[in-house]
Amino acid sequence: MKTVRALIFSQKGVNLYFFTMNAIELERLCYVEAATRDKQKGLQRVTEVSRLREISSYIADGENSLLPNNIILNLKSEVAIDTDEDGQLASITFPSEDGDYAFVVDGQHRLFSFKDDYRRLPEEETFELPVVAFYNATEEVVGATFVAINVNQKPVNRDLLTQMKAILGLLDTDIDKACIDLIHAIDDDVNSPLKDRILRYPKEKNKWIKTNQLMKVIKGLLLPGGCLHDKTHAERKRILIAYLEAVMDTFPEAWSDYNRTEYSLVQPASLQVMFSLLPDVMQRCDFFEGFSYNRDTLTRQLEPLRDIALLSGWKKSAVEVPMSVDVKRKMFLAQLKEALRLKAPIGD
């Protein structure tokens with residue numbers, strides 16, 4: 001038999017039990033569907049093997065890879081609970097053999113990543129999981145808890161999560177870090193046309209371009225083979241600001257329409273398109289401007305887009321349909337790239 005000590009606390013007259021337990025031992029006592037231990041589904045979402053392996057790798061590979069958030073269980077009647085006289089602590093005793101003694105209300109992927117089929121930690125290594133448990137709670141109580149956790153609670157805002165990762169030094173790669181630094185730079189610099197326009201934290205006013213909306217396209221510029229890959233941070237910042245100034249100069253009416261009533265240039269999808277055109281514009285600068293990338297040279301090399309009928313100066317009436325869905329946006333971008341493409345002289 002396995003006995004653990006638990007702290008008792010109460011919410012709305014329902015006793016809950018908090019304890020920790022070796023993850024490998026705990027997994028062998030839990031289930032997620034009453035019919036059979038093998039069918040790990042039911043009230044929880046279907047167990048995803050890829051997720052189990054992902055968590056197992058996370059735990060095994062990182063020195064600081066922890067799982068501090070608690071598993072939620074509903075202990076069944078086969079589990080014995082012996083409450084101390086003071087009513088504040090209890091001894092919880094599980095049967096000695098493996099079995100279905102605790103229904104997993106929340107945390108199944110964390111817990112079942114310790115199954116023999118997925119676990120990468122050696123069995124002799126102790127990894128304790130925190131647990132909050134009901135005891136013989138009704139289906140109504142368990143269901144309401146499941147809904148509160150998985151439906152009612154909002155996920156962490158993605159942009160806030162990116163910001164917090166940047167602050168804590170948890171971004172996945174050096175490219176990600178460089179990308180965030182660059183986005184912050186064009187949001188902070190007094191000369192940047194996007195100064196104070198990038199939404200870095202939830203509920204900031206007069207900002208509508210989200211960090212993660214810029215992250216993917218700017219990351220493409222910084223990756224090996226990207227037009228800014230071999231540049232320093234200062235050079236990248238200077239070129240991006242100069243390019244934004246050139247875009248503003250090329251489409252002044254569209255850029256000033258921050259309410260996006262007649263033009264679409266400053267909406268996030270359109271800015272993604274314009275950033276995606278930077279390699280093409282820089283290539284034109286290489287050929288026509290002697291590898292010079294400043295406001296004037298970039299503006300001159302954006303000239304082919306100024307009067308192109310396809311854009312009509314970024315009027316909503318012209319670009320609304322081409323920008324409506326991802327497939328059409330890709331075709332639209334390809335057409336703009338074609339307009340900027342260097343063409344060989346006739347006869348060559």
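Where is the place of H109? In this predicted model, the legends below start with the whole chain and then move in on H109, V79 and helix α10.

**Figure 1. The whole protein chain, with 15 helices and 10 strands.** Before zooming in, here's the overall layout. The C-alpha trace spans about 90 × 40 × 40 Å along the principal axes of the protein chain. For a compact globule of 348 residues you'd expect a radius of gyration near 20 Å, but this chain comes out at 28 Å. Even with those dimensions, 45% of the 348 residues are buried. Take the contacts with a separation of 6 or more: 68% of them involve residues 24 or more positions apart.

**Figure 2. The outside of the protein chain, about 18,900 Å² of it.** Carbon and sulfur atoms supply 50% of that exposed area. As for charge, the chain carries 45 positive and 52 negative charges, and the mean positions of the two sets sit 6 Å apart.

**Figure 3. Close-up of H109 in helix α3.** So, back to the opening question: H109 has its place in helix α3, which covers residues 108-112. Is H109 buried or exposed? With a relative accessible area of 4%, H109 counts as buried, because the cut-off for that label is under 20%. What does the H109 side chain reach? Look for the backbone nitrogen of E48, at 2.9 Å from the side chain.

**Figure 4. Close-up of V79, in the loop between β4 and β5.** Strand β4 takes in residues 71-75 and β5 takes in 80-83, with V79 in the loop between them. Loop or not, V79 is buried, and its relative accessible area is just 1%. Which residues does V79 touch, leaving out those up to four places away in sequence? The list is I92, T93, F94, Y101 and Y135.

**Figure 5. V79 and C285, 74 Å apart in space.** This view puts both residues in one frame. The distance runs C-alpha to C-alpha, and in sequence V79 and C285 are 206 residues apart.

**Figure 6. Close-up of helix α10, a mostly covered helix.** Helix α10 runs over residues 268-276. How many of its 9 residues are buried? The count is 7. To pick them out on screen, go to P268, A269, S270, L271, V273, M274 and F275. A handy reminder for reading any such view: an α-helix has 3.6 residues a turn, so residues three or four places apart point the same way.

Note on methods: Residues numbered from 1 in each chain as written. Predicted model: local features only at pLDDT ≥ 70, side-chain atom pairs only at ≥ 80, totals over all residues. Heavy atoms only, no water. Helix = DSSP H or I, 4+ residues; strand = E, 2+ residues; numbered from the N terminus. Rg over C-alpha atoms; globule rule 2.2 N^0.38 Å. Buried < 20%, exposed > 50% of the residue type's maximum accessible area, 1.4 Å probe, protein only. Contact = heavy atoms within 4.5 Å. Areas by Shrake-Rupley, 256 points an atom, 1.4 Å probe, with all protein chains shown as cover. Lys, Arg positive; Asp, Glu negative; His and termini not counted. Charge placed at Lys NZ, Arg CZ, Asp CG, Glu CD. Polar contact = N/O pair within 3.5 Å; in protein donor to acceptor, adjacent residues only side chain to side chain.
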